[in-house]
Amino acid sequence: MCGIVGYVGSGETVKILCRGLKGLEYRGYDSAGIALSERKGINVVKAVGKLENLEQKLSGQDFSTAGAGIGHIRWATHGGATLKNAHPHVSEDGRTVLVHNGIIENYKELKQNLQNKGYHFVSETDTEVVVQQIEEELKEAASPTEAVLKTMNKLRGAFALAVMNTDFPGKIVVAKRNAPLIIGQGKNGNMAASDLPAMAGEVERVIYLDDDELAEISEDEIKIVNAAGQVVSKTFKPFNLAPEMLSKRGFAHFMLKEINEQPGIVRRMLQKYLSEKGVQLSGLNLSWEDIRNLTKIEVAACGTSLHAATAGKYLIEDLAGITVEVEPASEYIYRKHPESRNVLVIGVSQSGETADTITAVRQAKERGAHVLAVTNREDSSIVRYADSVIGLEAGIEVSVAATKSYTAQLAVFYLLALYLAQERQALDEDCLRQTEQALQAVPSQMEEILANAAVVRRCAEKYQDARDFIYVARGVNIATAMEGALKLKEISYINASGYPAGELKHGPIALLDEKMPVLSILMPGSQNYDKLLSNSQEAKARQARMIAVTSSADRQLENLFDDIIRVPQVPELLSPLTANIPLQLLAYYMAEKLGRDVDKPRNLAKSVTVE
Ligand code: F6R
């Protein structure tokens with residue numbers, strides 16, 4: 001949801017900024033722009049669309065005198081994806097430039113005040129008021145840093161800002177509130193960025209700014225102050241994200257690479273948390289007594305993370321016998337939650353920066369609930385509000401569509417469910433050990449599925465003409481159906497819905513005809529297997545194109561389904577880990593066949609930092 005970067009140093013400023021923006025591309029691609037502090041003054045270059053359009057504009061030009069610069073990648077909120085709305089924005093006197101991630105909530109009133117003073121605005125953005133306000137403050141302030149500080153104290157909302165001023169060459173001022181901002185120190189210069197991948201290979205140490213802090217960055221100094229202007233001292237942490245970690249490693253897309261990483265991730269997580277003695281969840285700071293006293297678990301999450309939580313509800317209720325409520329974070333935060341004693345609130349977020357999920361955990365913490373954050377980024381904002389943190393250990397996920405983080409979130413829910421069951425003695429020892437053993441076998445079974453990807457690719461070829469898709473399941477795989485449908489629609493732009501199969505006849509069945517594919521996730525041994533078969537028969541009777549994902553060897557299925565994707569047999573409760581992989585591959589191959597931009601689907605951003 002927009003990303004910013006800044007660099008001051010003796011390196012090649014334009015290259016470093018563009019590499020930085022590449023590392024932030026997952027945050028948006030409506031426009032990109034940079035501002036450079038050159039000998040002749042500040043030079044702004046911007047382009048609508050993806051970063052490559054900006055790179056084309058920059059190519060062949062001489063920027064050798066640029067010793068500092070700021071850059072921006074945009075996901076449009078206020079104003080369309082146009083050149084005039086692209087960042088960096090420039091103050092009316094042309095002396096100050098600024099890039100911004102976030103939303104300024106009081107921009108209308110600030111704009112009115114500035115307009116009354118004679119300022120003119122050229123964009124439709126909320127951001128432009130910030131750069132004009134800095135210009136206004138500079139009339140009195142002793143330095144651009146003081147002007148940014150005064151401006152910051154007038155802003156409401158979320159922001160990470162980077163600012164340059166012509167009277168302040170070789171310096172960048174950055175500030176933040178409710179949006180991430182990291183400062184990096186390297187051999188050839190210093191940087192600031194919305195996220196670590198922007199600084200890979202360039203810096204060796206990092207610090208995280210806290211809310212309402214501001215930093216003045218030059219080549220050899222980083223000075224941090226708080227909202228009162230007092231100097232703050234912080235300790236740098238080593239940083240060594242190698243640029244290769246962000247490479248596709250021979251795969252055509254990051255999404256395919258990340259799908260293929262899943263068995264390794266689950267194996268690593270099981271090695272870390274599961275032993276002969278059972279599950280040890282070091283990140284969960286609840287005593288045995290707290291766990292015994294838990295009356296309810298509430299989970300708030302968005303998108304794919306919400307689907308992982310939906311599966312988690314089945315797992316925890318089934319294995320540990322604790323009631324679990326799962327809700328989109330965007331709804332959870334606008335509802336009363338009368339109970340907080342003995343309630344565990346879980347915020348699930350790959351990025352740890354999703355605004356709604358962060359609000360949900362912040363509110364829960366204020367109510368006195370114990371908050372567990374499940375995140376792939378243990379350096380992210382969600383962690384600040386958490387009493388306990390369990391990391392996903394999935395490594396940086398570059399593709400905008402979440403795949404490996406979903407599987408890692410599922411793995412956390414299995415481990416959590418088993419741990420709670422063990423501590424509450426909700427399952428007998430044999431049953432616990434059997435489930436744990438079955439779980440240990442899953443990574444190899446996932447590898448088997450990936451080795452048979454060609455079956456799914458052929459299926460994608462056959463169904464690429466479909467304009468709509470329905471995924472159905474019962475029980476724990478309702479989450480798989482919803483996640484499969486989300487994956488398909490977000491990267492191939494085919495309309496897809498995931499339903500509990502029993503709901504089909506309560507409305508969606510009206511959509512069925514010979515053009516509509518219906519994909520059933522059928523796990524033999526489940527109590528609903530026969531019921532789901534009947535629901536599939538009902539769809540077949542309406543001439544739907546029938547696909548099954550199943551571990552059943554039942555030859556009867558061949559009469560019912562046009563295409564069958566087989567996965568290894570696992571206990572039903574574990575099948576979300578296996579059944580999901582063909583659905584990820586189906587979405588991937590369909591999108592690829594349709595020529596979509598798989599890793600950067602239109603209109604999306606990986607980190608949704610606005611409500
Ligand atoms: C889908 C996807 C989104 C995210 C959602 C929540 O592929 O990536 O639906 O799952 O925006 O993001 P996190 O998990 O970062 O809170």
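Reader: Which strand gives the largest share of the lining of the largest cavity?
Author: This is a predicted model, so local features need pLDDT of at least 70 and side-chain atom pairs count only at pLDDT 80 or more, while totals for chains, interfaces and linings use all residues. Residues are numbered from 1 along each chain as its sequence is written, and side-chain values use heavy atoms, with hydrogens and water left out. Strands are DSSP runs of E, at least two residues, and helices are runs of H or I, at least four, each numbered from the N terminus. Three residues of the lining, the largest share, come from residues 96-104, which is strand β6.

Reader: How much space lies in the largest cavity?
Author: A cavity is a set of points, on a 1 Å grid over the protein atoms alone, where a 1.4 Å probe fits but cannot get out; lining residues have an atom within 4 Å of a point. Points are joined across faces, edges and corners, and the volume is the space filled by probe spheres set on them. The structure holds two cavities of 30 Å³ or more, and the largest has a volume of about 90 Å³.

Reader: Which residues lining the largest cavity are closest to its centre?
Author: The lining has 14 residues. Those closest to the centre are C2, W75, T77, G102 and D126.

Reader: How much space lies in the second largest cavity?
Author: Its lining includes R474, N477, M523 and E572. Two elements, β24 (517-522) and α16 (529-540), each give two or more residues to that lining. The space in this second largest cavity is about 60 Å³.

Reader: Which residues come nearest to the ligand?
Author: A residue is near the ligand if one of its heavy atoms lies within 4 Å of it. There are 14 residues around the ligand. The nearest are S305, S349, S351, T354 and E490.

Reader: How far from an oxygen atom of the ligand does a polar side-chain atom of E490 lie?
Author: A polar contact with the ligand is a pair of N or O atoms within 3.5 Å. For T304, a backbone N or O atom lies 3.0 Å from a ligand oxygen, and for S349 a side-chain N or O atom is 2.6 Å from one. For E490 the distance is 2.5 Å.

Reader: What percentage of the ligand's accessible area does the protein cover?
Author: Accessible areas come from the Shrake-Rupley method with a 1.4 Å probe. On its own the ligand has 410 Å². The protein covers 90%.

Reader: Which element gives the most to the shell around the ligand?
Author: The contribution is three residues. The element is α9.

How values were computed
A polar contact is a pair of N or O atoms within 3.5 Å; within protein, one must be able to donate a hydrogen and the other to accept it, and residues adjacent in sequence count only if both atoms are side-chain atoms. On a 1 Å grid over the protein atoms alone, a cavity is a set of points where a 1.4 Å probe fits but cannot get out, and a pocket is an open set with protein on both sides within 12 Å along at least five of seven lines; lining residues have an atom within 4 Å of a point.
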